[in-house]
Amino acid sequence: MIWNSGRECADRQQMQELQSRELTAMIRRMQENVPFYRDKFREEGIEPGDIRSVEQLKQLPFTTKADLRDNYPFGLFTVPQTDVVRIHASSGTTGKPTVVGYTQTDIALWAEVVARSLTMAGIHSGDTIQIAYGYGPFTGGLGLHYGAEKVGATVIPISTGNTKKQLQFMTDFKATILACTPSYAAHLGESILKEGISPADIKLRTGVFGAEPWTGEMRTEIEKLLNIKAYDIYGLSEVIGPGVSMECECQCGNHVFEDHFIPEIIDPDTLEVLPDGVLGELVFTTVTKEAMPLLRYRTRDLTRLHHGKCDCGRTLVRMEKCLGRTDDMLIIRGVNVFPSQVESVLMEMAETTPHYQLIIRRENNLDTMEIRVEINEENWSDSIRELEGIRRRIDHNIKSLLGIGAIIKLVEPNSIERSEGKAKRIIDERHR
Amino acid sequence: MLIKQLSVFLEDRSGRLTELTRILAENDVNITALSVAETADYGIVRMVVGRPELAKKVLEKAGFSIGLTDVVCVNMPDKPGSLYRILEILTDEKINIDYMYAFSKNAVALAVIRAADVAQVIEVLQQHRLQLLSQSDIYQL
């Protein structure tokens, strides 16, 4: 089923007309209400009245995370505070949080795009959805919540944590849908096994997972653990939260709700717009947002776009699963390396855990990458021959995937520091 | 005749082996035999101890990765040709040894042997009337 076929299946010309109309209106709102954008337009010699088409988007200035920080907390709001009904904030790893405001209309728009997303994954009013994303300033919990109510599903707003209660609600309330981060889904799956809960007592059919990058191997693992079909939902609070793009049953990329969030792919160095199928940085313009629209916001996420009709019937542009962030990308001996690629190699091997660390050094003007991998506590051999075999297999698989060699070091289980939030996976000693 | 050997994966970090033996000392675990196999980055400590289950528990609690591996302990006279005789028997039976460690003193020589099929090693050596240690010879009461 398609929630809003008028928008989701519009032909390219209809979509561009709609985008052009909304873009023109957004630029006008920015010029009138936000000193930051007014100054930016003046500096770059842009006459806002001249912007009439989405084709002109590439002439317009970018907005970066640093701009958000400089205008903390409410400097980029286009409406007076009386019109703002909610504020979300994401805790930055360093410094000030990123603040986002919503008007009543923005909240309704958010519910609409999440309703489209859930419908895309086959979720309907007969479903019971356990929302194990955090409720609070983080956009995950409340974002999913309103969209799930909009499709008429029964919502269990359990938020994150308290695994025992999660499992009790899941079985007692017969949840059919689980929404959370992929890593928490994997944890819940392992806990079900550990607690000895009978598969017959778990009614889950579908998972809606996002808020952190995950590999195809991780998807397979979660689907097996929970006996479900797992869908990727993509979003970031700066744009709106979850519901910026979503996978359909074809699972051939995420459909971007481009009638609201216009995506572009740019070369992060030259800032030129790149064509379909070329890897680059994802940029969004949130044309319909009222409280805090953003012009060409640089997400730092790296992916590719694909236009053209999907087998599901939607014409919305698709984005590939994000390979990682520009911040995470390493250039080693001229080769682009993402930690997610290393993770996908390790996930395929039973003898290691997905806990790893990359240490990059420069020795005699040559970059070296050391991969420290924890051996699996449950599954290791005390024979050097077998351990060396594992090391050689990792080495071989990394080399065939990345095209460069690495130094593989096996380390003790639990020796790599765990963190609650983002794992510290990269130690780059070249720039010290 | 199966002996449970404790295998420990150790990163090449200073003081790690000392820490391991400290924990065994504090828990009154006697070490009968010990060997360290090392690579450039890590080592495998293999030991035959008096209380393997207890040792495994306390070491795991302290964050060590422990495996229990079946091995055979052969008791032989401390004189030339003793080990040759045993290895010849195993070779004749086409049994591959994964690893072994041995020591002799005061007329007694002991060898700890690990092979893929330890039960077969026991059977073959017993047929040749070789003396194997049993758990009660080693395990602390």
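**Exercise 1.** Which strand is joined to β8(A) by 3 bridges, and do the two run parallel or antiparallel?

*Solution.* The model examined here is a predicted one.

Step 1. The partner is strand β9 of chain A, residues 254–256, and the two strands run antiparallel.

Step 2. One pair of residues shows the register: A:Glu247 has A:Asn254 in β9(A) as its bridge partner.

Step 3. The hairpin of β8(A) and β9(A) has 6 residues between its strands, and A:Gln251 there takes a positive phi near 45°.

**Exercise 2.** Describe how β8(A) pairs with β7(A), and state how far β8(A) is covered.

*Solution.* Step 1. Strand β7 of chain A, residues 229–236, pairs with β8(A) over 4 bridges in the antiparallel sense.

Step 2. Within this pairing, A:Gly235 has A:Pro242 in β8(A) as its bridge partner.

Step 3. The two strands form a hairpin, with 4 residues between them.

Step 4. Strand β8 of chain A spans residues 241–247, and 7 of its 7 residues are buried; the strand is mostly covered.

**Exercise 3.** Is A:Glu223 buried, partly exposed or exposed? Locate this residue and name its contacts.

*Solution.* Step 1. A:Glu223 belongs to helix α9 of chain A, residues 216–226.

Step 2. Within 10 Å there are 15 other C-beta atoms. A buried residue would need 20 or more, and an exposed one would have 12 or fewer. A:Glu223 is therefore partly exposed.

Step 3. Leaving aside residues up to four places away in sequence, A:Glu223 touches A:Ile228, A:Lys229 and A:Ala230.

Step 4. A:Val335 lies 112 residues from A:Glu223 along the chain, and the C-alpha atoms of the two are separated by 32 Å.

**Exercise 4.** Determine how helices α7(A) and α8(A) are oriented, and describe their contact.

*Solution.* Step 1. Two packed helices are described by the angle and the distance between their axes.

Step 2. For α7 (residues 163–172) and α8 (residues 182–195) of chain A, the axes come within 10 Å and cross at roughly 80°.

Step 3. Angles of 65 to 115 degrees count as roughly perpendicular. The two helices, α7(A) and α8(A), are therefore roughly perpendicular to each other.

Step 4. From α7(A), the residues A:Thr163, A:Gln166 and A:Leu167 meet A:Leu188, A:Ser191, A:Ile192 and A:Glu195 of α8(A). The residues of this contact comprise 3 nonpolar, 3 polar and 1 charged.

**Exercise 5.** In what order do the strands of the open sheet containing β18 of chain A stand, and which helices lie across them?

*Solution.* Step 1. Strands of a sheet pair through backbone hydrogen bonds, either parallel or antiparallel.

Step 2. In chain A, 4 strands form the open sheet in the order β20-β19-β18-β21, with mixed pairing. The edges are β20 and β21 (426–428) of chain A, each of which pairs on one side only. From one strand to the next, the twist averages 20°.

Step 3. Strands β18 (residues 352–363) and β19 (residues 366–375) of chain A run antiparallel and are joined by 9 bridges. Opposite A:Ile359 stands A:Glu370 in β19(A).

Step 4. Helix α10 of chain A, residues 339–347, lies across β18, β19 and β21 of chain A and runs at about 135° to β18(A). Helix α11 of chain A, residues 384–402, lies across β18, β19 and β20 of chain A, at about 140° to β20(A).

**Exercise 6.** How many residues does each chain give to the contact between chains A and B? Which element of chain A gives the most?

*Solution.* Step 1. Chain A gives 13 residues and chain B gives 14 residues.

Step 2. On the side of chain A that touches chain B, strand β20 (residues 407–411) of chain A gives the most, with 3 residues.

Step 3. By type, the residues of this side of chain A divide into 6 nonpolar, 3 polar and 4 charged.

**Exercise 7.** Which residues touch the most other members of the largest nonpolar core?

*Solution.* Step 1. This core has 81 residues, of which A:Ile129, A:Ile131 and A:Ala179 touch the most other members. Helix α5 (residues 104–120) of chain A supplies the largest share of the core, 7 residues.

Step 2. Residues touched by A:Ile129 include A:Ile123, A:Ala148, A:Val155 and A:Ala179.

Step 3. A second, separate core has 48 residues, among them A:Leu387 and B:Val118.

How values were computed. Residues are numbered from 1 along each chain as its sequence is written. Chains are lettered from A and ligands numbered from 1 in the order in which they are written. This is a predicted model: local features need pLDDT of at least 70, side-chain atom pairs count only at pLDDT 80 or more; totals for chains, interfaces and linings use all residues. Axes are lines fitted to C-alpha atoms, for helices over the stretch in contact, and angles run from 0 to 180 degrees between N-to-C directions. Angles under 35 degrees count as roughly parallel, over 145 as roughly antiparallel, 65 to 115 as roughly perpendicular and the rest as oblique. Two residues are in contact if their C-beta atoms, placed from the backbone, lie within 7 Å. Ala, Val, Leu, Ile, Met, Phe, Trp, Tyr, Cys and Pro count as nonpolar, Asp, Glu, Lys and Arg as charged, and the others, Gly among them, as polar. Two strands pair if DSSP finds at least two bridges between them. A nonpolar core is a set of buried Ala, Val, Leu, Ile, Met, Phe, Trp, Tyr and Cys residues joined through C-beta atoms within 7 Å.
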